Amino acid sequence: MTPTDDDLHDIFRRLLARFGPLHWWPAQTPFEVVVGAILTQNTAWRNVGYAIANLHAAGALAPGALGGLTPERLQRLIRPAGFFRQKTERLQAFVRYLDEVHPEGLETWLAGDRHAVRAELLGLTGIGPETADSILLYAGDRPTFVVDAYTRRLFTRLGLLRGSESYEEIRALFMTRLPADTDLFNEYHALIVETCKSFCRKRPDCPPCPLQPRCPTGGTGPAR
DNA sequence: GCCCAGGTGGGTA
DNA sequence: TACCCACATGGG
């Protein structure tokens, strides 16, 4: 049931061969990664893109600028990403914390002790394990594995997870079987997301699945 | 019209 | 620990 080192390496090789390196995260700066990580919580990335574009147009993709907006203004800008009241609170709480506790700046903060920084992120309102790991990996360039709904779904359909494991269990599983390599973790998570987005049922043009004869992301999608 | 999307926090048993 | 619910928009 639980994947071996070889399973995890083999799946990675197949996905990389299929999609090539993706060089995530789709953002220009570490701060933009943080904003995207919060905005994408239980939200389709397409909608996050609209909100990021609004923030960019408003010149608000920097901590000071975003923190200086009124909540009403920020809510308007990020409305397309959904949960806009909650997410406004979370974004402004983050920049407030950054300003008050880490005047040295986001990148310097994230470069500190990995475990301490993760614990600190998890203590912030609106930052759960997936958001914390996304920030560490994609904004801080630190080796931590990001587990998301796609990871759970794909590996459950491959028969390598039961599906009921906790976030921390799945993360530990990957991290104990793979070398602590930032680039590997970066690509692995990106490839899992890309694979699940290529979901055969939604993409009739989906090429042969690199993992199984019947695409494990599509369930009822066309075989091959 | 209905369901889902790269979660999180608060509440209850 | 294990569920439940609120939070909200846009696209298939």
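What share of the contacts in chain A with a separation of 6 or more joins residues 24 or more positions apart? The share is 60%. This is a predicted model.

**Fold and confidence**

Chain A has twelve helices and zero strands. Read along the sequence, the pattern is α-α-α-α-α-α-α-α-α-α-α-α. The chain has 224 residues, and 31% of them are buried.

Mean pLDDT for chain A is 92. A value of 70 or more is reached by 90% of the residues. Residues 219-224 stay under 50. For this stretch the model has eleven contacts beyond four places in sequence. Where pLDDT is low, predicted coordinates should not be read in detail.

**Nonpolar core**

The largest nonpolar core holds 48 residues. Val34, Val35, Leu39, Ala51, Leu91, Ile135 and Ala139 touch the most other members. Helix H2 (residues 30-39) supplies the largest share of this core, with seven residues. In soluble globular proteins, nonpolar side chains tend to be buried together.

Leu39 shows the contacts in detail. Leaving out residues up to four places away in sequence, Leu39 touches Val48, Ala51, Ile78, Ala81 and Lys87. Leu39 and Ala51 are both among the core members with the most contacts to other members.

**The two DNA strands**

Chain A has a surface near each strand, summarised by residue class below.

| Surface | Nonpolar | Polar | Charged |
|---|---|---|---|
| Near DNA strand B | nine residues | ten residues | two residues |
| Near DNA strand C | four residues | five residues | four residues |

Start with strand B. DNA strand B is surrounded by 21 residues. The closest are Gln41, Asn42, Gly128, Thr131 and Ala149. Helix H9 (129-139) and helix H10 (149-157) each provide at least two residues of this surface. H9 gives the most, with four residues.

Now strand C. There are 13 residues around DNA strand C. Those that come nearest are Pro80, Gly82, Phe83, Arg85 and Gln86. Here helix H3 (45-57) and helix H6 (84-101) each contribute at least two residues. The largest share, three residues, comes from H6.

Which helix leads on each surface? For DNA strand B the answer is H9. For DNA strand C the answer is H6.

**In brief**

Chain A is predicted with twelve helices and zero strands. Its largest nonpolar core has 48 residues, with seven from H2. H9 and H10 each supply at least two residues near DNA strand B, while H3 and H6 each do so near DNA strand C.

How values were computed
Residues numbered from 1 in each chain as written. Chains lettered and ligands numbered in written order. Predicted model: local features only at pLDDT ≥ 70, side-chain atom pairs only at ≥ 80, totals over all residues. Near = placed C-beta within 6 Å. Nonpolar A, V, L, I, M, F, W, Y, C, P; charged D, E, K, R; others polar. pLDDT = per-residue confidence, 0-100. Contact = placed C-beta atoms within 7 Å. Buried ≥ 20, exposed ≤ 12 C-beta atoms within 10 Å, placed from the backbone. Core = buried A, V, L, I, M, F, W, Y, C linked by C-beta atoms within 7 Å.
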